[in-house]
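The following exercises are meant to be worked with the sequence and the coordinates side by side. Each task is followed by a solution that proceeds step by step.

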Amino acid sequence: MIITRDTIKLNPEFPFLIMEQKLYEKDNREDSFHWHSYCEITYIRKGHGYYFVNGERYEVSEKDLIIFNNVEPHGWWVQEEQMEVVVMIFSSEFISMPFAAFDYDYLRPFMDRGSNFRNKISSEEEYAGQILSLIRDIGQEWKQAGVGYHLMIKSQVLRILTLLIRHYQKWETEKQEEMLLHDKDKSMKRIETALYYINAHFTEKITLEDTAAAACMSPTYFSAYFKSVTHYGFSEYVTRLRLKKVRELEINSDLSIFQIAMDCGFSNMSNFYRLSKKYGDS
């Protein structure tokens, strides 16, 4: 792999640049990467290809966005004859004055990367359209160079960075929720065998040890694991199932309460009344 440093120089008085580029298929090189001392936001205006960064390959097409910070070697590969892109680059000094903590917050999408970070922002993402529109407006300001265009460009870049903060915060939250759901689903599958066993035998003399064995767990581990997933202790869970069955039979059968309680797994009426009082109304 060949990694080179980009030679573009930014004006120290206004360290910002936006430019249109054409990337050609004939220039494709899988082992050629470059890095630069500034932040980059690029949008794909036309064509289809790939960007490579941090061991990831991102497929990009029209209206997709991709961002890089100042320490990420990256490369590209054009899938068609050419790919047209608009590249916006700026130094951290353009945004953040030295020791200005508030200004530094704008650069968090470039500097603070979570484990689930993605350099690509798909055109279908919530904030992609707004960011794309702002980049186009910045391009016009840059070309026209009217009175106050420096201030206008900086204000629009700050808006883009704020939208990036919102995008990545939302994306990280969604990924965390997905991971939590995945973990919960995995936990429920592990304990599914035990739940089937309990549902089949709760009216009988059922023990923690037998249920743990059905789930291929030790009794101690199963007891803690069961409670972490269901939020009930094993005995309480079984008791609640029995009480629910009692209520159903009271409504739908002519059996005495004594017979119903015995059929639902209670050992005696004293035990039934005690547990019914403890859990029956909850």
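Two strands pair if DSSP finds at least two bridges between them, where strands (E, at least two residues) and helices (H or I, at least four residues) are DSSP runs, numbered from the N terminus. The model is a predicted one, in which local features need pLDDT of at least 70 and side-chain atom pairs count only at pLDDT 80 or more, whereas totals for chains, interfaces and linings use all residues. Residues are numbered from 1 along each chain as its sequence is written, and side-chain values use heavy atoms, with hydrogens and water left out.

**Exercise 1.** Determine which strands pair with β9, and whether β9 is buried or exposed.

Solution. Begin with strand β2 (residues 16–24), which runs antiparallel to β9 and is joined to it by nine bridges; in this pairing F16 stands opposite F90 of β9. Next take strand β4 (residues 39–46), which is also antiparallel to β9 and pairs with it over seven bridges, with K46 opposite E84. Finally consider accessibility, for which buried means under 20% relative accessible area, exposed over 50%, and partly exposed in between (1.4 Å probe, protein chains only). Because eight of the nine residues of β9 (residues 82–90) are buried, the strand is largely enclosed by the rest of the structure.

**Exercise 2.** Describe the surroundings of T239.

Solution. Locate T239 in helix α8 (residues 234–252). Its relative accessibility is 8%, so T239 counts as buried. Then list its contacts (heavy atoms within 4.5 Å): leaving aside residues up to four places away in sequence, T239 touches F266, L275 and Y279. Lastly, a polar atom of the T239 side chain lies 2.9 Å from the backbone oxygen of S235.

**Exercise 3.** Compare the settings of K63 and C216, each of which has a positive phi although neither is a glycine.

Solution. Recall that most residues other than glycine have a negative phi. For K63 the angle is about 80°, and this residue is found in the loop between β6 (56–61) and β7 (65–68), where K63 is partly exposed at 39% relative accessible area. For C216 phi is about 60°; C216 is placed in the loop between α6 (208–214) and α7 (219–230) and counts as exposed at 72% relative accessibility.

**Exercise 4.** Establish where in the protein the confidence is lowest and where it is highest.

Solution. Use pLDDT, the predictor's confidence in each residue, from 0 to 100. Its mean over the protein is 83, and 83% of the residues reach 70 or more. Confidence is lowest in helix α2 (residues 101–104), at a mean of 47, and highest in helix α4 (residues 128–144), at 94. Over residues 97–102 the pLDDT is below 50, and this stretch has one contact in the model beyond near neighbours in sequence.

Terms used:
Polar contact = N/O pair within 3.5 Å; in protein donor to acceptor, adjacent residues only side chain to side chain.
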